[in-house]
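Visitor: I would like to understand how the words used for a protein model are justified. Could you take me through the reasoning, one term at a time?

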Amino acid sequence: MRPKRRRIRLSVPSLAQALERYLTEVSTTKKGVVSERSIARIWLGTRLAGRPVDRIRSADLADLRDEWLKDRAAATVVRRMAFLSHVYTVIRKDWGLDWLANPVQLVRRPAVADSRDRRLFDQIRLRGVSEGECPREELAWIIRATRSAELPTILTVAKETGMRRSEVVGILRENLDLQHGVVHLPHTKNGRARDVPLTPLGRETLRRWVVGKPMRGRIFSMRPGSVTRAFIRARLRARREYEGLCREHGRRPNHAYFRDLRFHDLRHEGTSQLATVFQIHELAKVNGNVDTRMLLRYYHPHGRELAQKLARSPLGRRQLDQIRQQRIAVDDGAMALAA
């Protein structure tokens, strides 16, 4: 009778050791390497960092989840948990510890309300105050309030194209075709290259920006994180300036202006604007969302826009013509009776 072979059990790394190896071998090959490094630092700062990965229990993670939820958004906590879950998957599949359980799978993740329909306000008015002193659009206020030389162009391009933040700041001069008004994006979030058409305003904004700049390489020096921080500072400054103008003229400020506005909302604005031009299959190519359900999350038309589109449609024009004919008939009847 042959003796049974003893199963060789590989040494189990601590969470800190696993994260360091993951960042070196796996994360460096991914587009989100900067984001993953940031999340890894969070885990390295927890009390679980020195514990072997097979000694981490779902209850430990649930305690951390509840602790984080006290001052962090649900989406932030979900990203941290998803990252750790992926690390466990790599340990099991690629590092030979196939017997290792993934404790993250047993932790209930908080619900994330990530659907947004925020559009830019474009009818900001104070009676008796000129448009030069009180711009009509939120974005104009923010552009006026920023101290960054690049941010105004980045904001305009984001709004006019619906491109992601990383896509805008990553534009290469050799991929910018100003003659035909197209930006080529060889690397996108979903891994597919795409061409983004430019509106006349977007095209002119970029044309002015690249004057005198090298014919190759990135046209912006800012990084995605820097853009977000500069945007937040400009938005807060714009709100203060708006409130100051209201006080100066004895007006009550509108609470909604500049509140809860994020850079990513410009993608919603751009997509909703382009949806009035392109069919949904064309818009999917421009926006970069292959799933039309995801695309609809970025399309938020104003009710007045849909009403105007309906009025200009063949149905709307036909009904308006019928109404005009009816009015003419009623007016002719009234004139006949009066005679």
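The conversation below goes from the whole chain to its sheet, a helix and some single residues.

Guide: Before we begin, please keep in mind that this is a predicted model, in which the chain has 14 helices and three strands.

Visitor: What makes the chain more spread out than a compact globule?

Guide: The radius of gyration of the chain is 28 Å, whereas the globule rule gives 20 Å for 339 residues, and because the value is well over that figure, the chain is described as more spread out than a compact globule. The box filled by the C-alpha atoms, taken along the principal axes, is roughly 120 × 50 × 45 Å. As for cover, 40% of the 339 residues count as buried, and the chain exposes about 20800 Å², of which carbon and sulfur atoms supply 52%.

Visitor: How do you know which strands are the edge strands of the sheet?

Guide: The sheet is open, with three strands in the order 1-2-3 and antiparallel pairing. Strand 1 and strand 3 each pair on one side only, and these are the edge strands.

Visitor: Why are strand 2 and strand 3 said to pair?

Guide: Two strands pair if there are at least two bridges between them, and four bridges join strand 2 (residues 182-185) to strand 3, so the condition is met, with the two strands running antiparallel. Within this pairing, His184 has Asp195 as its bridge partner in strand 3, while Val182 stands opposite Pro197.

Visitor: What makes the side chains of strand 3 alternate?

Guide: Along residues 194-197, Arg194 and Val196 point to one face and are buried, whereas Asp195 and Pro197 point to the other face and are not buried.

Visitor: Why is helix 10 called mostly covered?

Guide: A residue is buried when its relative accessible area is under 20%, and in helix 10 (residues 265-274) nine of the 10 residues are buried, so the helix is described as mostly covered. Among them are Asp265, Leu266, His268 and Leu274.

Visitor: Why is Arg173 called buried?

Guide: Arg173 has a relative accessible area of 13%, and because the cut-off for buried is under 20%, the residue is counted as buried. Arg173 is placed in the loop between helix 7 (165-169) and strand 1 (176-177). If neighbours within four places in sequence are left aside, the contacts of Arg173 include Leu178, Val210, Pro214 and Ile219. Glu138, by comparison, is 35 residues from Arg173 in sequence and 29 Å from it in space, C-alpha to C-alpha.

Visitor: How do you know that the count of disulfides comes to zero?

Guide: A disulfide needs a pair of cysteine sulfur atoms within 2.5 Å, and by this rule the count is zero. For Cys134 the nearest cysteine sulfur is that of Cys246, 7.3 Å away, so Cys134 is in no disulfide. Cys246 is likewise in no disulfide, with the sulfur of Cys134 as its nearest, at 7.3 Å.

Visitor: Are Cys134 and Cys246 buried or exposed?

Guide: Cys134 is at 0% relative accessibility and therefore counts as buried, and Cys246, whose relative accessible area is 0%, is buried by the cut-off of under 20%.

Notes:
Residues numbered from 1 in each chain as written. Predicted model: local features only at pLDDT ≥ 70, side-chain atom pairs only at ≥ 80, totals over all residues. Heavy atoms only, no water. Buried < 20%, exposed > 50% of the residue type's maximum accessible area, 1.4 Å probe, protein only. Contact = heavy atoms within 4.5 Å. Rg over C-alpha atoms; globule rule 2.2 N^0.38 Å. Areas by Shrake-Rupley, 256 points an atom, 1.4 Å probe, with all protein chains shown as cover.
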